[in-house]
Amino acid sequence: MHEVVERILKASIEEFAEKGYAAASTNSIAKKAKVAKGLLFHYFKSKENLYIECYKHVLSWSKKKFEEFAKQVKNEDFFEFIKKWGLQKITLAIENPVYSKFLLTVTNLPPKPRAIVQSMIREVFVDSSGILLEKIKSVKLRRGISEEDALKFIMAVFDGAANSYLDQYRDKPEELLNNLEKIMVESDKLLDLIKFGILDRAPQ
């Protein structure tokens with residue numbers, strides 16, 4: 001990637017994360033990136049295009065982190081994989097607070113860029129879910145529950161838990177890192193609840 005473009009993207013992600021899409025200033029972005037405002041528009045044409053390119057950049061980073069994680073724990077069973085990925089997401093959010101905050105800005109976008117970004121998010125989810133769908137095939141699900149539906153449910157539970165921890169420890173990330181063992185125990189409880197709800201069990 002061109003060094004100037006890299007600087008613009010970095011400054012833009014910080015600006016959007018801090019102020020949201022509407023309040024973000026291209027003047028501030030140009031100043032942070034140490035480029036002329038005209039050069040910013042030369043590369044990205046508009047504020048909307050700039051935001052979309054930023055989202056593409058951060059989604060690509062997120063997808064790469066997931067794929068790297070998947071290779072590291074490829075021998076784990078489905079539930080251990082999900083639990084450890086939940087913890088990894090929390091750790092990544094702490095280590096990269098700007099990226100994490102930026103990803104949430106999609107909720108306050110105008111309709112057109114929001115539709116574009118949501119389409120990008122769905123595409124990345126479909127790409128990444130292949131790994132999880134392959135793993136969930138080893139799990140005996142209750143009759144009538146598809147692998148896709150089970151995966152959506154499990155991911156929603158763990159994403160919700162991860163977001164709850166991030167909210168709880170938003171201003172004290174070191175404390176969150178120190179409590180990872182406690183979070184791991186709570187994750188095991190979540191897994192027990194999930195298994196009880198979706199796994200096929202023999203009649204008593």
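Trainee: How much area does the protein expose, and what share of it do carbon and sulfur atoms supply?

Mentor: The exposed area is about 12,100 Å². Carbon and sulfur atoms supply 53% of that. Such areas come from the Shrake-Rupley method with a 1.4 Å probe, and for residues only the protein chains shown count as cover.

Trainee: What kind of model is this, and how are residues numbered?

Mentor: This is a predicted model, in which local features need pLDDT of at least 70 and side-chain atom pairs count only at pLDDT 80 or more, while totals for chains, interfaces and linings use all residues. Residues are numbered from 1 along each chain as its sequence is written, and side-chain values use heavy atoms, with hydrogens and water left out.

Trainee: How many helices and strands are there, and what makes a run count as one?

Mentor: The protein has ten helices and zero strands. Helices are DSSP runs of H or I with at least four residues; strands are runs of E with at least two, and numbering starts at the N terminus. Along its principal axes, the C-alpha trace spans about 70 × 35 × 30 Å.

Trainee: What makes Glu-15 count as buried?

Mentor: Buried means under 20% relative accessible area, exposed means over 50%, and partly exposed lies in between (1.4 Å probe, protein chains only). Glu-15 has 1% relative accessibility, so Glu-15 counts as buried. Of the 204 residues in the protein, 38% are buried.

Trainee: Why is the pair Glu-15 and Lys-19 called a salt bridge?

Mentor: A salt bridge needs a side-chain nitrogen of Lys or Arg within 4 Å of a carboxyl oxygen of Asp or Glu. For Glu-15 and Lys-19 the N to O distance is 3.0 Å, so the pair meets the definition. The two sit four residues apart in helix α1, about one helical turn. Lys-19 is partly exposed at 36% relative accessibility.

Trainee: Why do residues four places apart point the same way?

Mentor: An α-helix has 3.6 residues a turn, so residues three or four places apart point the same way.

Trainee: What other partner does Lys-10 have in helix α1, and how far apart are the closest N and O atoms?

Mentor: Lys-10 forms a salt bridge with Glu-14, with the closest N and O atoms 2.9 Å apart. Both residues lie in helix α1 (residues 3-23), four residues apart. Lys-10 is exposed at 55%, whereas Glu-14 is partly exposed at 29%.

Trainee: What makes Glu-18 and Lys-32 a salt bridge, and which helices does the pair link?

Mentor: Their N to O distance is 3.8 Å, so the pair falls within the 4 Å limit. The pair links distant parts of the chain: Glu-18 is in helix α1 and Lys-32 in helix α2 (residues 26-33), 14 residues apart. Glu-18 is exposed at 53%; Lys-32 is partly exposed at 38%. Shared partners join Glu-15, Glu-18, Lys-19 and Lys-32 into one network of salt bridges. The whole structure holds ten salt bridges.

Trainee: How do you know that the buried residues of α2 line one face of the helix?

Mentor: Thr-26, Ile-29, Ala-30 and Ala-33 are buried in α2. Seen down the axis, the buried residues of α2 fall within an arc of 95 degrees, so they line one face. That arc is taken over directions from the helix axis to the C-beta atoms. These buried residues pack against α1, α3 (37-44) and α4 (47-72).

Trainee: How close do the axes of α5 and α7 come, and at what angle do they cross?

Mentor: Helix α5 (residues 78-95) and helix α7 (residues 111-136) have axes that come within 9 Å and cross at roughly 145 degrees. Axes are lines fitted to C-alpha atoms, for helices over the stretch in contact, and angles run from 0 to 180 degrees between N-to-C directions.

Trainee: Which residues make the contact of α5 with α7, and how do they divide by class?

Mentor: Phe-78, Phe-81 and Ile-82 of α5 meet Ile-131, Leu-132, Lys-135 and Ile-136 of α7. Contact means heavy atoms within 4.5 Å. By class there are six nonpolar, no polar and one charged residues. Ala, Val, Leu, Ile, Met, Phe, Trp, Tyr, Cys and Pro count as nonpolar; Asp, Glu, Lys and Arg as charged; the others, Gly among them, as polar.

Trainee: What makes Lys-34 count as exposed, and where is Lys-34 found?

Mentor: Lys-34 is found in the loop between α2 and α3. The relative accessibility of Lys-34 is 71%, so Lys-34 counts as exposed. Phi of Lys-34 is near 60 degrees, a positive value in a residue other than glycine.
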